[in-house]
Structure formats: structure tokens, C-alpha cells
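Subject: Structure handover

Hello,

Here is the structure I promised you. Please open it beside this email and follow along.

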Protein chains: 2
Amino acid sequence: MNNNQHKDLVGWALPTLQLLLVKFGIRFVGVKLGILGLGTVGTGTVQLLQDNAGRHPLLRDVQIYRVGVRSLDKPRMVELPGAVLTTDLAAIVNDPQVDIVVEVIGGLEPARSLILKAIENGKHVVTANKAVISRFGDEIFTAANKAGVYVMLEAAVGGGIPVIQPLKQSLSVNRIHTVTGIVNGTTNYILTRMQAEGISFDDVLADAQKLGYAEADPTADVDGLDAADKIAILASLAFGGRIKLQDVYCEGIRQVSKTDIAYADKLGFVIKLLAIAKTVNLPPISPTLREATYASTPDHPISVRVHPTLVPKAHPLASINGVYNAILVEGEPIGQVMFFGPGAGAGATASAVSSDILNLVAALQASTATPNPLLSCRHQDYCQITPLEELVTRFYTRFLTKDQPGVIGKLGTCFGKYSVSLESVVQTGFQGELAEIVVVTHDVREGDFRQALAEIRTLEAIDSIPSLLRVL
Amino acid sequence: MNNNQHKDLVGWALPTLQLLLVKFGIRFVGVKLGILGLGTVGTGTVQLLQDNAGRHPLLRDVQIYRVGVRSLDKPRMVELPGAVLTTDLAAIVNDPQVDIVVEVIGGLEPARSLILKAIENGKHVVTANKAVISRFGDEIFTAANKAGVYVMLEAAVGGGIPVIQPLKQSLSVNRIHTVTGIVNGTTNYILTRMQAEGISFDDVLADAQKLGYAEADPTADVDGLDAADKIAILASLAFGGRIKLQDVYCEGIRQVSKTDIAYADKLGFVIKLLAIAKTVNLPPISPTLREATYASTPDHPISVRVHPTLVPKAHPLASINGVYNAILVEGEPIGQVMFFGPGAGAGATASAVSSDILNLVAALQASTATPNPLLSCRHQDYCQITPLEELVTRFYTRFLTKDQPGVIGKLGTCFGKYSVSLESVVQTGFQGELAEIVVVTHDVREGDFRQALAEIRTLEAIDSIPSLLRVL
């Protein structure tokens, strides 16, 4: 018997002992949590777990064993025994008593290092940290697979909406081809109010900041970075491959004007910040090709992107308003399913964190030596991401032109030269001396469209191109 | 060692052997399915499982071992080896080789008996049969718990929408207080067209029957019976107690007129057939009371009902149109989450059936002796159902009255006598000689409202009460 086999036997003996205890009616003792952070999410989670009557009975087996905080003196909304609170976060992830580490401090460091240390120490991890997972998921899941522990992240995307677990389980019998989400509540709130009240981005942002719906530094939200983190995570689960965050094209909503919202409305669209992951150029399906396609392959690249998008009013995502989030998953043979709910907030996020804890408690009590493939993140290869110029989509563009005859003809000729087929060209009115022309294309290759635009910019009749938006 | 302990040891030895095999790299052999029925859902499921590349890799461990059909000679859309097809359904549920029985024949018998026999033989069951589960869930789950097997039913409600598993897992950390569903595609299709086109129920039904969206005998759909089956199942999962189907109040859409749809529209509502399960009269929350509330108790009765309902246009369910289904779950602390998708169809239902198979394959491979509490249906007690007259809701009612002065006063007096507070009373116009009056109430006790209506009916000025609808 070599050393590895010896380790295997030890790894097997313990669960088997637990299994015997359970079979003979000896109750499994509590699962000990070490919670890192007692901010909004941490506090919500502690409140949920302390007030556990009327919830799933398994939660009663959970013990809040340690909670790591920055300061012991800060007044708290939850009562915890003195011995539970500590400022020594490293001690929590190193404590042999701790079964599950719940990381809700946010930010990149020390979150990343603490998660990795917890994994190294054989602890399961629950995290709400989309930034860490989207940037260091590679390192973290490699370590977790090696250590045979789970890293659960339901709260990282879509707040309370159960979407991570359905992607790992129920939906994974499908061939997913598209995941489209409204995954940032702040930007959806801003766009909803711009649409409803006809006011500008800057005015709504200022008001949203006053009301606490937007941060003092709104960059992560309004520039789409938060949504990019989230779609990278969703894409990796839906397509079974890792995603490099720098491959995610990201465009925020600062450039969305009330003028475009009004035109979009007339054309039958609302403007939403969508996070999209989509297979592209699916070749004709042959069984041999398909064999290798659970992880995305060079034959099945995907596009992953965040940008403001014109959404047809009848589309399920068009009616998602305010701070709500929704994630639409399309696959074969299921068709379209959509998950809708609160994208943030203490209660919603605590629900998601606790559902991960519940899954881990069930896994710990099952005392099995085989990891549950419906909980773990198995992907190891990287998805191939299509460059943006290869994207095939529809565009909405607004031009300001000199008021000359023949301008529309010149635009049309230029687009035609680059194989850009137009659905509609409408002269919508005037801005001062300049004529305003709105163009909507059929599906075109983004690279072709960009080339056409570059040439159009050089036309003497063109004053400027104030808007360029993609159409769903 | 008594006999039970002996059985326990045997029950433990087998999984432990498998566990050893897995630890030492010996691959778990295939899971053998016995599928009962090869209609739309059965065929969809076989197609999905046969064409498994690009789906979750665990599905590759599934072997379609037997498929029970009524006739061997019928042409089929799937190819199966001759030995797989059989007309002997009893032989499938009795075959010791079969690990999982997939019941997709529908109807009450022989489905019920075959499911019970499969359970008795220690097989896990996947069923899409809402009628059997809503009527015989009691018997079936009692047998399953006794035999230590799982009965999975994702496909029984909401077609492909993953809602059963989230209710068992993620959402169960919440205290659910309301489940509201559009769970019947046929009636939603009919109401959507009545709304959009301003035509009558009979005209849309006839057309829906021609198009195959409604059955030749549409009773189960249009009278709400199908929706009642489904809400009984959802309620039992959400509230952790069994439901007697006869306790579910059920009212279909035959009485919904285009006139009421038009008035509802003016008042800011759409009319939907909703299936609702809701806690009622929640007492002030005290920790002692809460202790016992995971299963519904006399202190926390629920109302379970199906009826056409006026839904405010801004409500998430208002924009669910056509044959789509949606289920809105509300709980503490999550708030509102909604699941949306195709409520029927071969592909969607096959996705749900296969997701149950996937969960069972994972459970079988985990080789644990403890049943996974996140897969099983644990409830054993019955929920207490509030009688309809105790329901507190808003009402919309339309009266035809003689064109006399003082009629509105008489209505108001009569409602006031029974504590029915009115939100609006509008004389909307005339039908021939008769004045038409539409009344919307505030929240009232249904019993009080009914008593007021009974007295109003006796008033000389009242011709008739053509409509009575509840308001969400």
C-alpha cells in the first residue's frame, strides 16, 4: 500500500464512521461556521441563522462559531457571545474546529488569501464575492478541487435569486447557448427612471446617490464592471469553462442619452444594460464535434459582453424595472427560462449565502467520500472568447448630418460597401442646423459595421455620430 | 443485534463497498432507467439522453434499459434496441436491474400502482404526473420515506422551469409566505388573446383548440383543475405540509368576459388565472410560536386556491403572456423571486425529467446511506387550510341595475352593513335599459362580502351581478 492509498483509506474511514453513527441514530453534531465579516451581508446571514424556526430544519445543525470583524467595539445589530467575535481573521481560517468559512468581507484582499488558506486547511467556503471569483476563480477552484472542498457562490450573482445552483444542476442537462442578464440593480434603476421620467443620466445618478441606490464613486456600477464580473461567473457555469475577465467586453451606461431612450421607445424598444454570454458560429451539429463540447472548444467559441442594449418591449427582460435583477437562460431543449428577483440587499443576499450553507451541511452530513458533482465547479479549461469584431448583432446608430439632399443615400452606399444591411433609416428631425438620422441595421458583423462607420465619419456631410447601441 | 439492526448493517455495507470502489478509482457502472411511457414527454426524454454530448457529463452514466409502451408496432421518433421496448410495464418496475423508474404515462392508473410497486421494490422514481402526486402524494411519499427512495417531480409543475428543486433547497432557508403562479399555459394563452384582441372566451377557445393549444375536452385546463393539482404540489413543498386536493378552492375562466377584461384594463389591471398558496392571519411573531412553524400549524393556516384574478399591470405576473408559466415566491428575508419559462412541451418537460434523473444519478453515485434531505419530501402532517369565507382579499364586482336614483347609495349602505369598505364605485355606462356599475373593494373578509352580496341581490333595484372577481 503506497502513501496515497494510505491517505485514501484515512479519507474513507472518517466518513464511514460518521455514516455508522447516523445509521444507528446518533445525531450528527453541529456544523461550525467561521464567518469573515459582519457588514450588511454578514449581519443578515447571522440574523437568518439565529432566527431559524420556520426555516429548513437542517439549519438548526449550524453553529455560528466564530465571526471575524475589524473592530470589536463597533455597535452591532446582532447579539453574539463574546468568544465568537474576533479581529483575528487568519485564526478563523486556521481553526481546526471550523467546518465552513463564509467570506462576506468583499474586496480582493485579504478575501482572496483567506479563501485560499481556508481551502488549504480543508474547509468548505461560501462566498458572496463576485470580484474575487471573477478574477481569481482559476486559482481558487484549482485549489478547491485539489483539496476536495466546495466553494459555493450563489450570492455572488443576482442577490437572492437562485441561479448558480440551477445552472449547476437542473439546467445543466441542456446545451446552454445564451445567458442574458440584468445583473446590476443600480444601472437598471437609473435606466428605468430615465425611461419613465425622460430625464438625463446625470440627474438620475445624482438622485440615486442621494437615495443610497448608487455609491459615491459609481464607477463599478455605471461603467459595467460589476456586471462584467457577474457575467464572467455565469458564463463559466453555463458553458463549463473558465473565463478571463479581460476577455469580457465592457461598456457602461454613461453615454446613454434621454434622446436615445425616447427614439428607442418610438421604435418599440427599451434600453437596458445587458450582460450577455452566447455561443457563436455554432457549426452544423455532428456527433463527433459534439463529443467534446461540454467545455467550450475552438469550434464553439462564445462572446461575453456587457453593454447598453435596445431590448424589444415584448421581450421578457424589457419589463424588469428598478433595482430588480433577472437572468434569462436559453438552451436546448428547454427553450427560455428566466429568474427574477432582488439583486441586492441584506435579506436577499443572506438567503443566498444561507442556501449555500444548507447545501454544505447536507453534503457534510451525507458523509460521502465522493464529491457531489452537482455542487462543485468542475471546469478546468478556458472558454474561447470571440473577439468583438466577430460578433454578429443588430445596431442602432444616431447621426447628426448637414441638411443636404442625398445624405441618406451616401450613408446607405457606405454601409452597403461593407455588407451592412439596413432595417430602417429615419430622419427623425433637426438639432439646430443639423439633421438627425436614426439607423437600425439587420444582423451584421461588428467588424464590418465599425469599418463602415469609420468611412462614414470621413464624409463631408456627417457632423457627428452621437450614439451607437446594440440591439437584442 | 435485532433484525432491524441487521438490515441497517446490510443497508450500510453496500454503499460502503461502492464508496471503496470509487475511492480506488473503479468507475461506477451505469444507472439503469426503466421508462414507463413513450409519448411526448417520454420521447423527449429519450432524445435528450441519447444525444448527451454537450450536456452534464453525469448523464453519460445513464443507460436507457427498458421502455414500456402500449404497442410495439407504433412508429417511433426515437431508435431503441428491440430488447429495450416492452409492453410489460409491471416487469419494468419489478426488474431488479432497474435503478430508476421514470413514469411518464400520465393519468391516475396504472401510473399510481406502478409508482407504488417501484417504490416497494426500492427504486427511485421520477414522475411528471401532477394528477397522481396531488391526489396520492400522501400514500406515495409515505411509501417512499419507508423504502428510503426518492420520488422526484420537477416536471409536474411549470414544465421546464426549475422550481421544485429551488423550493426544496435554496428557497427553504426562507419563511415562505406566498406562492403565486400562472401554472396553466392554455388558460393564460386564452386570457392573453382575449386581452389583446378584445374577443370572447368561446371564440378564443375554439381557435386554441384548432391550433392545438387546448384539448378537445378543455375541462381540466379552463376549469382550473390542472392549476389546482399544481398549486397543491407547490404549497406542500413551500409550506412543508401535505395538502388535501379537495381543500383547494378552484374556479376556472369560463365566466371571464371581454367586458370585464376591458374594465379591468381601464382600472389598471389584467386578468390572469392565478394559483395562490398563502399564509393567512400570521400572528405577531413570537419565538415560541415560531418554533413549530416549519410545517404549517393551526396558528399558521394557509389558503390554497385557483381563480381568475385582477393583477395590477406593474406586478411581475401581469406581463407573463401566452403559453408561458411563471411562479412567484415571496418569503422572509428574500422578498420576491420569480421563475419564468415554458410551462409545457416535449423539450421543456424532458429537461425537467432529465434534471431529476441527474440528481438521482449523483445521489446513487455518492453511495451514502443517509438520504439527502434536500432531495426528499419530508412533510408528513397536513397543512391547515383556511375556509374560503375567512379569506381576506379585494373584490371587483359588476352590477346591472335599474336606472333609478339612489342605487349607488343602496349598494354602499348594504356593503357598509357587512363591514365591506369600498375603494371605488363607478357607473360605467348602460346595457340597454340597465345601468352598469363596477365596484372595487378594499381588503375584506370573503364571508362578509358574500353576505353583503346576498342581501344586495334581494334589492328591487338590482337586475343581476354578472361578474365577481378577486383582486391581487
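Below is what was found in it, taken chain by chain and place by place.

One thing before you start: this is a predicted model.

**Chain A as a whole**

Chain A has 472 residues, and 57% of them count as buried. Its secondary structure comes to 15 helices and 17 strands. Now look at the contacts in chain A with a separation of 6 or more. Residues 24 or more positions apart account for 75% of them.

**The annotated places in chain A**

Two features come from UniProt, both from an unreviewed entry. The first is a "binding site", which UniProt places at Lys130(A). Find helix α5 of chain A, residues 130-147; Lys130(A) is in that helix. Is Lys130(A) buried or exposed? Neither word fits. Its relative accessible area is 25%, so Lys130(A) is partly exposed; the buried class stops under 20% and the exposed class begins over 50%. What does Lys130(A) touch, leaving out residues up to four places away in sequence? The list is Ala156(A), Asp226(A), Asp229(A), Lys230(A) and Ile233(A).

The second feature is "domain: ACT", which UniProt places at residues 396-470 of chain A. Over residues 396-470, the chain is 31% helix and 47% strand. The C-alpha atoms at the two ends of this stretch are 6 Å apart.

**A helix pair in chain A**

Next, find α7 (residues 185-197) and α11 (residues 258-267) in chain A. Two packed helices are described by the angle between their axes and the distance between the axes. For α7(A) and α11(A), the angle is about 70° and the axes are 9 Å apart. Angles of 65 to 115 degrees count as roughly perpendicular. That is why α7(A) and α11(A) are called roughly perpendicular to each other. The crossing is right-handed.

Which residues meet here? From α7(A) come Leu191(A), Met194(A) and Gln195(A). From α11(A) come Lys258(A), Ile261(A) and Asp265(A). By class, the contact of α7(A) with α11(A) has 3 nonpolar residues, 1 polar and 2 charged.

**A helix pair in chain B**

Now move to chain B. Here the pair is α14 (residues 407-417) and α15 (residues 446-457). Their axes come within 8 Å and cross at roughly 140°. That angle makes α14(B) oblique to α15(B). The crossing of α14(B) and α15(B) is right-handed.

On the α14(B) side, the residues in contact are Leu411(B), Cys414(B), Phe415(B) and Lys417(B). On the α15(B) side, they are Phe449(B), Ala452(B), Leu453(B), Glu455(B) and Ile456(B). This contact holds 7 nonpolar residues, 2 charged and no polar ones.

Stay with α15 of chain B for a moment, since Gly447(B) is in that helix. Gly447(B) counts as buried because its relative accessibility is 10%. Try the distance from Gly447(B) to Pro387(B). The two are 60 residues apart in sequence, but C-alpha to C-alpha they are 9.4 Å apart in space.

**A buried threonine in chain A**

Go back to chain A and find strand β9, residues 269-279; Thr279(A) lies in it. Thr279(A) counts as buried because its relative accessibility is 16%. Leaving out residues up to four places away in sequence, Thr279(A) touches Ile176(A), His177(A), Phe239(A), Pro301(A) and Ile302(A).

**Backbone details**

Where are the cis peptide bonds in chain B? One joins Glu109(B) and Pro110(B), with omega about 10°. Pro110(B) lies in the loop between β4 (100-103) and α4 (111-120). Another joins Glu332(B) and Pro333(B), also with omega about 10°. Pro333(B) is in the loop between β11 (324-332) and β12 (335-342).

Finish with a serine in each chain. Ser419(A) has phi near 60°, a positive value in a residue other than glycine. Ser419(A) is in the loop between α14 (407-417) and β14 (422-431) of chain A. Ser419(A) counts as exposed because its relative accessibility is 59%.

For Ser419(B), phi is near 60° too. Ser419(B) is found in the loop between α14 and β14 (422-431) of chain B. Its relative accessibility is 58%, so Ser419(B) counts as exposed.

Best wishes

Note on methods:
Residues are numbered from 1 along each chain as its sequence is written. Chains are lettered from A and ligands numbered from 1 in the order in which they are written. This is a predicted model: local features need pLDDT of at least 70, side-chain atom pairs count only at pLDDT 80 or more; totals for chains, interfaces and linings use all residues. Side-chain values use heavy atoms; hydrogens and water are left out. Axes are lines fitted to C-alpha atoms, for helices over the stretch in contact, and angles run from 0 to 180 degrees between N-to-C directions. Helices (H or I, at least four residues) and strands (E, at least two) are DSSP runs, numbered from the N terminus. Angles under 35 degrees count as roughly parallel, over 145 as roughly antiparallel, 65 to 115 as roughly perpendicular and the rest as oblique. A crossing is left-handed if the near helix is turned anticlockwise from the far one by less than a right angle, and right-handed if clockwise. Contact means heavy atoms within 4.5 Å. Ala, Val, Leu, Ile, Met, Phe, Trp, Tyr, Cys and Pro count as nonpolar, Asp, Glu, Lys and Arg as charged, and the others, Gly among them, as polar. UniProt positions are given in the numbering used here, feature names are shortened, and annotations may be inferred rather than shown by experiment. Buried means under 20% relative accessible area, exposed over 50%, partly exposed in between (1.4 Å probe, protein chains only).
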